[in-house]
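Let's take a walk through this model together, going from a loop to the core and then on to the open space between the helices. Keep the structure at hand as you read.

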Amino acid sequence: MSVGRDLVRVVLGTAMVGAGISHLTVAREEFRAQVPSWFPVDEDTTVLASGVVEVALGAAFVALPRRRRLIGTVLGAFYVGVFPGNLAQYSEHRDAFGLDTDQKRLVRLFFQPVLVAAALYGGGRLGARDSS
């Protein structure tokens, strides 16, 4: 594995742990703004559950490098799975995390594919193959 891939894996995993902890603590209300109004599970339950998943995926991505391909793939799928929340925040005009205009919320939508790509790259599924 390359140093670049390892760096992406560790940074992304660490960021996921931090984001997950903030789901469970200080940013709980902010994350509730991203739960679509049509989602059939209570907002707070959804935020807590996604926070636990984020901590688990992030910690695994950092601590289990031999499983990086699997974990990177699952993390990429997770980012795809939560994308409807980002769409809902935009379409339902919900303010959170400083995204207080439709333009800011729209720009954020284009960041999600970057996260998917980073998860796949850090996991070794995207980009040139390493010789190691």
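## The loop after H4

His 93 sits in the loop that runs between H4 and helix H5 (102-109). Please keep in mind that this is a predicted model. The phi angle of His 93 is near 55 degrees, a positive value in a residue other than glycine. With a relative accessibility of 49%, His 93 is classed as partly exposed.

Phe 97 belongs to the loop between H4 and H5 as well. Its phi is also positive, at about 55 degrees, although Phe 97 is not a glycine. The relative accessible area of Phe 97 is 38%, so it is partly exposed.

What does Arg 105 touch, if residues up to four places away in sequence are not counted? The list is Gln 89, Tyr 90, His 93, Arg 94, Asp 95, Leu 99 and Asp 100, and His 93 brings us back to the loop just described. Arg 105 itself is placed in helix H5. It is a buried residue, because its relative accessible area is 5% and buried means under 20%. Pro 40 is 65 residues away from Arg 105 along the chain, and the C-alpha atoms of the two are separated by 23 Å.

## The nonpolar core

In soluble globular proteins, nonpolar side chains tend to be buried together. Here the largest nonpolar core has 12 residues in all: Leu 12, Met 16, Leu 57, Ala 60, Phe 61, Ile 71, Leu 75, Phe 78, Tyr 79, Leu 115, Val 116 and Ala 119. At least two residues of this core come from each of H1, H3, H4 and H6. H4 provides the largest share, with four residues.

Two core members in H4 are worth a closer look. Leu 75 is found in this helix, and it is buried, with a relative accessible area of 0%. Outside its neighbours within four places in sequence, Leu 75 is in contact with Leu 12, Met 16, Leu 57, Phe 61 and Ala 119. Between the C-alpha atoms of Leu 75 and Val 53, which are 22 residues apart along the chain, the separation is 9.6 Å.

Tyr 79 is in helix H4 too, and its relative accessible area of 4% makes it buried. Not counting residues up to four places away in sequence, Tyr 79 touches Leu 12, Met 16, Gln 112, Leu 115, Val 116 and Ala 119. The C-alpha atoms of Tyr 79 and Leu 115 are separated by 7.0 Å, with their positions 36 residues apart along the chain. Seen from the other side, Val 116 touches Gly 76, Tyr 79 and Val 80 when residues up to four places away in sequence are left out.

## The largest pocket

How much space lies in the largest pocket? The volume is about 620 Å³. Its lining has 26 residues, and those nearest the centre are His 23, Gln 34, Glu 54, Val 82 and Asn 86. Helix H1 (3-24), helix H3 (43-63), helix H4 (68-91) and helix H6 (112-122) are the elements that give two or more residues to this lining. H4 gives the most, with seven residues. Sorted by class, the lining of the largest pocket holds 16 nonpolar, eight polar and two charged residues.

## Aromatic pairs and exposed residues

Searching the whole structure turns up three aromatic pairs. One of them is the edge-to-face pair of Trp 38 and Phe 39, at 6.2 Å centre to centre and with 70 degrees between the planes. Trp 38 counts as exposed, at 57% relative accessibility, whereas Phe 39 is partly exposed at 34%.

Val 26 lies in the loop between H1 and helix H2 (28-32). It is exposed, with a relative accessible area of 77%. The C-alpha atoms of Val 26 and Leu 99 are separated by 17 Å, the two residues being 73 residues apart along the chain.

To finish, here are the C-alpha separations mentioned along the way.

| Residue pair | Apart along the chain | C-alpha separation |
|---|---|---|
| Tyr 79 and Leu 115 | 36 residues | 7.0 Å |
| Leu 75 and Val 53 | 22 residues | 9.6 Å |
| Val 26 and Leu 99 | 73 residues | 17 Å |
| Arg 105 and Pro 40 | 65 residues | 23 Å |

Conventions: Residues are numbered from 1 along each chain as its sequence is written. This is a predicted model: local features need pLDDT of at least 70, side-chain atom pairs count only at pLDDT 80 or more; totals for chains, interfaces and linings use all residues. Side-chain values use heavy atoms; hydrogens and water are left out. Rings of Phe, Tyr and Trp (its six-membered ring) pair if their centres lie within 6.5 Å; planes under 30 degrees apart count as stacked, over 60 as edge-to-face and the rest as tilted. Buried means under 20% relative accessible area, exposed over 50%, partly exposed in between (1.4 Å probe, protein chains only). On a 1 Å grid over the protein atoms alone, a cavity is a set of points where a 1.4 Å probe fits but cannot get out, and a pocket is an open set with protein on both sides within 12 Å along at least five of seven lines; lining residues have an atom within 4 Å of a point. Grid points are joined across faces, edges and corners, and a volume is the space filled by probe spheres set on the points. Ala, Val, Leu, Ile, Met, Phe, Trp, Tyr, Cys and Pro count as nonpolar, Asp, Glu, Lys and Arg as charged, and the others, Gly among them, as polar. A nonpolar core is a set of buried Ala, Val, Leu, Ile, Met, Phe, Trp, Tyr and Cys residues joined through side-chain atoms within 4.5 Å. Contact means heavy atoms within 4.5 Å.
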